[in-house]
Every structure is written in structure tokens, then in C-alpha cells.
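Trainee: Could you take me through one part of this model closely? I would like to look at the cysteines and the helix that carries one of them, and then at what lies around it.

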Amino acid sequence: MADGGGPDTEIQTVSPPVPSTPDIELHKLLFFKVYKRRWFVLLVLCLLNCSNATLWLTFAPVADQSAKFLGVSLEQVNWLSLVYMVVAIPLSFGTSWMLDTLGLRTTLILGAWLNMTGAVLRCFAACVHDGLPFPFKYLLVMSGQSFGALAQPLIIFTPTKMAALWFPEDQRAIANTMASMSNPLGILVASLSSPLIAETHERIPNLLLVYAIPACIICVLATLGMQSSSPPTPPSASAESSGSEPFFKGIKLLLTNRAYLVLLLCFGSGIAVFTCFSTLLEQILCVQGYTNTFAGICGALFIVCGIVGAALLGVYVDKTKRFIEATKINMSLSALSCVAFSVVALMEQQKVAVALVCSLFGLFGFSIYPVAMELSVECSYPVGEATSAGLVFVSGQIQSVLYIVLLQALTKRLADSPRSTCGDAVLSWKVPMMVMAGLCAFFTCCFVIFFHTRYRRLEAEQRVVYEAGRSEAPATSESVPRVEG
């Protein structure tokens with residue numbers, strides 16, 4: 001209950017129910033204190049997410065050089081990215097439990113140390129001499145990738161939880177967007193930096209060192225700077241009950257929620273398509289004579305446009321709360337872009353068209369991710385944010401493995417390709433690209449037709465406001481700014 005006694009008019013920093021007034025949004029801000037520390041927490045998460053993504057896709061933009069340096073095939077190089085999906089899947093449930101039970105601080109610090117360990121371990125591959133009968137370089141790099149894969153769910157699952165615990169209701173979507181989009185920002189860094197640094201296979205050790213240094217700095221920053229999992233007082237009504245459902249009960253509720261299951265399957269497919277695109281882009285484009293540098297530029301356009309689209313969409317849904325409309329429209333436009341990419345990527349000398357389609361694919365596709373994660377929380381509340389968003393990520397990881405294995409199995413070796421820049425192994429990606437476009441279009445149609453839900457978290461917050469207003473006399477005559485701690 002709010003303290004109504006005494007002459008002191010300072011806003012309380014405790015977490016009473018929010019009084020109901022005609023200006024609901026204003027008085028939500030009045031009675032829930034926010035802290036400047038939330039921006040530091042967001043910064044640490046963004047940097048960590050970005051670093052982990054650079055480790056994930058270090059080798060994809062320079063697959064040929066990596067294969068030569070490690071003494072393995074292109075398929076084995078692809079497994080350096082796929083291991084993230086394979087390792088993350090069984091650990092994802094434990095991560096959801098850890099976030100909802102042990103808290104944000106423990107989870108992030110553990111993720112930072114695993115990420116740093118993986119980055120440092122990969123650097124030791126440069127010390128292994130060539131000519132050994134066993135691929136020790138590959139095993140060391142794969143071990144480092146595995147540590148990075150262990151860290152990934154600890155980092156990826158965190159944005160919705162962090163946004164719910166530290167940010168007020170009108171900043172949650174944009175905070176989630178910033179934290180989530182730092183992952184594709186890391187992919188952007190890898191797409192641009194890897195081809196520039198590792199022009200030949202002899203420079204792969206330099207590449208590994210460049211990515212290891214930031215991982216070490218971020219680990220120190222997270223360990224010393226993260227002082228608590230949540231602020232002293234919650235920023236919103238729903239933050240008071242964040243993660244209130246027990247983990248296994250939450251899982252049961254999710255598996256009986258029809259709207260959530262549709263989102264789980266359809267958006268998981270979308271994650272898989274984007275993973276395939278990021279992992280296989282260089283191998284797809286090199287067949288038609290496009291260089292690694294051009295593939296890196298296309299990957300950069302894909303991500304930059306996605307980050308811009310996500311920022312704009314995050315601001316829009318923060319103001320309008322139209323999560324469903326925004327997700328359905330962008331998924332439809334993303335599916336059209338995927339179909340267009342499957343056509344133009346198979347054409348020679350079409351750099352402008354390929355770059356344009358990659359830009360549109362990123363603009364409409366990447367911008368969906370943070371909004372869809374918020375939507376997963378809205379349709380499943382009061383299940384914990386880490387659990388509801390985490391299962392969607394798990395679905396995406398499982399489908400990513402299946403999609404990449406399927407697409408690789410559908411490739412055919414070409415006997416002759418005079419324009420190819422792929423090196424010794426030249427594969428036809430015509431059938432795999434059509435299959436990927438078909439899957440993307442199918443699941444998008446399923447989502448548009450079958451996904452319908454209420455905004456349960458927003459309704460719960462409004463219900464708290466209304467019920468509190470009936471039991472307390474609202475002070476509507478004063479207009480007080482938000483309290484920053």
C-alpha cells in the first residue's frame with residue numbers, strides 16, 4: 001500500500017500496486033522507480049551477445065580458408081557453426097531454469113566466462129604444427145566453439161528477462177530489441193572482419209586472436225560490474241511477479257497453450273531459415289562467381305538493415321502494442337524476400353539484385369525477432385520470460401540443425417563451373433534454395449492464419465492498476481516525472 005501519511009511528498013521506492021487513474025500510463029511511471037544502472041546491465045548483455053555471435057560465425061565467411069588451415073572439408077567447417085545448435089539444445093531447459101531461479105547476474109557471469117574460455121581455447125590451434133596425422137587444430141577449434149556454444153543459451157535467453165526486470169513497460173520492447181539485435185551485430189562484425197583479416201589461410205590465427213581480446217575484456221566487465229540480478233524495486237507491475245510460475249508448471253502451461261505452440265513452430269522455422277542464410281551465404285554465392293568479400297557485404301547489408309528495421313519496429317510496438325500485426329506483416333514480407341533470394345542468388349553478374357534482396361530480407365526478417373520474443377511472453381504470461389522465450393529459441397536451434405543438414409544433403413557436385421570462386425568443392429544450391437523458400441513460405445502462412453492471442457501480460461498490468469484504484473484514492477492533481485535511481 002502507498003504511504004499516505006506525513007508531509008513528505010517524495011515518491012516511494014517500494015513496489016505498491018499502481019493506482020488507477022484516467023492517465024494510466026503516466027501513473028504507472030509515477031509509482032515504479034527505475035534505475036540508471038539498467039543501461040549498464042543492457043550494455044554488458046549487448047557486448048556479450050555481440051562477442052558470442054562473432055565466435056559463432058568466425059569461419060562461415062571464410063570457409064575455404066578455414067578448411068585449408070584446419071585440414072578438413074567444408075562440411076566439417078560448417079559443423080563449427082552447427083555445434084552451437086547441437087550443444088545449446090539440451091542445455092536450453094537448464095538455462096531457462098537458471099534464469100528464473102538463480103537470477104540474471106549468475107547466468108550472465110557464467111556465460112561471460114564460458115565465452116572467454118572458448119575464445120582463448122581456439123587461439124591455441126595456431127600453436128599446433130601442420131602435418132600431424134590427427135586434426136588437432138580442428139579439435140582445438142571445435143572445443144573452443146563448444147565452450148562458446150555452452151555460453152550461447154545463457155546469453156540469448158536473457159534479453160526478455162532483463163527487459164522485464166530492469167525496464168518500465170514503455171521501454172521493454174526497445175530494450176529487448178537492443179539486446180537481441182546485438183547478436184546479429186556480432187554476425188555483422190564476423191561477416192565483414194573475417195574476409196578482411198583472413199584473406200589467406202595463413203592469417204586465420206590473427207582472426208582468432210582479434211575475436212578473443214574483446215571476449216576477455218567483456219568477461220572482466222561482467223564479473224566486476226554486475227552487482228545484482230534485479231533493481232532494488234521493480235520498474236513495473238509485471239516485474240513483481242516475473243518468473244512467478246514454477247519451471248515445470250510453466251513448461252506444462254506452455255505446451256497446452258495453442259497460440260504459443262503456433263509461435264513456437266512457425267517462428268522457430270524463421271530462426272532456422274536465418275541461421276541457414278548466415279551460415280551458408282558464402283558457399284551459395286561463390287558458385288556464381290561472387291567473392292567472399294561480396295558475400296560479406298551482402299551479409300552486412302542483411303544485418304544492418306535488420307538492425308535498423310528492428311529499432312524502428314521496437315519503437316513502434318512500444319507505443320502501439322500491436323505485436324501481432326507487426327509480426328504477421330513482417331513475416332509475410334520476409335517470406336517474399338526469401339523466395340526472391342532463392343532466385344537471384346542462382347544468377348550470374350547480378351550484384352545489385354542480390355545485395356538488394358539481402359537488404360530486404362534483413363529489414364523484414366531480423367526486425368521480427370525481438371518483437372516475437374516479447375509476443376511469446378505476452379501470450380504465455382505468467383510463465384517466466386526465460387522459459388517462454390527460451391523454448392522458442394530451442395525450437396529455432398532444432399530446426400536450424402535439421403534445415404542445414406537437409407539443405408547440404410540436397411546439394412549436388414558440379415562437374416564444371418568456370419565462374420566459381422569456391423575452390424575445389426563446387427556444389428549446386430538450386431534445389432536447396434527452393435526448398436528453403438518453400439519452408440519459409442509455408443510456416444509463414446500457418447502463422448498468419450492460425451496465430452491469435454490476447455496480450456496476457458499487458459492485461460495483467462492493467463488489472464493491477466484497476467484493482468488498486470478501487471482500493472485507494474488516486475492523487476490525480478499532481479504530475480510528477482519518472483523517478484530515476
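Mentor: Happy to! A disulfide is counted here when two cysteine sulfur atoms lie within 2.5 Å. Keep that cut-off in mind for Cys 358: its sulfur is 4.3 Å from the closest cysteine sulfur, in Cys 298, and so it is too far away for a bond. Cys 358 is also buried, with a relative accessibility of 0%. The count for the protein comes to 0 disulfides. Cys 216 is likewise in no disulfide, and the nearest cysteine sulfur to it, in Cys 219, is 7.5 Å away. Cys 216 is partly exposed, at a relative accessible area of 26%.

Please remember that this is a predicted model. The average pLDDT is 80, and 84% of the residues score at least 70. Two stretches call for caution. Over residues 1–30 the pLDDT stays under 50, and the model gives this stretch 55 contacts beyond four places in sequence. Residues 473–481 are also below 50, with 11 contacts beyond near neighbours in sequence.

Now to the helix around Cys 358. Helix 14 covers residues 351–365, which makes 15 residues. From its first C-alpha to its last it reaches 21 Å, close to the 21 Å expected at 1.5 Å a residue. Cys 358 has company among the buried residues of this helix: Val 354, Ala 355 and Val 357 come before it in the chain, and Ser 359, Phe 361, Gly 362, Phe 364 and Gly 365 come after. What covers these buried residues? The cover includes helix 11 (258–285), helix 12 (292–320), helix 13 (323–344) and helix 15 (368–380).

Some of those covering helices turn up again when you look for enclosed spaces. The model has 7 cavities of 30 Å³ or more, and the largest has a volume of about 380 Å³. This largest cavity is lined by 25 residues, and the closest to its centre are Ile 271, Phe 274, Thr 275, Phe 366 and Tyr 369. Helix 11, helix 13 and helix 15 are among the elements that give two or more residues to the lining, together with helix 6 (136–156), helix 8 (172–197), helix 16 (385–409) and helix 17 (430–450). Helix 11 gives the most, with 7 residues.

To find your way on screen, start at Cys 358 in helix 14, move to helix 11 as part of its cover, and from there go on to the lining of the largest cavity.

Note on methods:
Residues are numbered from 1 along each chain as its sequence is written. This is a predicted model: local features need pLDDT of at least 70, side-chain atom pairs count only at pLDDT 80 or more; totals for chains, interfaces and linings use all residues. Side-chain values use heavy atoms; hydrogens and water are left out. pLDDT is the predictor's confidence in each residue, from 0 to 100. Contact means heavy atoms within 4.5 Å. Buried means under 20% relative accessible area, exposed over 50%, partly exposed in between (1.4 Å probe, protein chains only). Helices (H or I, at least four residues) and strands (E, at least two) are DSSP runs, numbered from the N terminus. The expected span of a helix is 1.5 Å times one less than its number of residues. On a 1 Å grid over the protein atoms alone, a cavity is a set of points where a 1.4 Å probe fits but cannot get out, and a pocket is an open set with protein on both sides within 12 Å along at least five of seven lines; lining residues have an atom within 4 Å of a point. Grid points are joined across faces, edges and corners, and a volume is the space filled by probe spheres set on the points.
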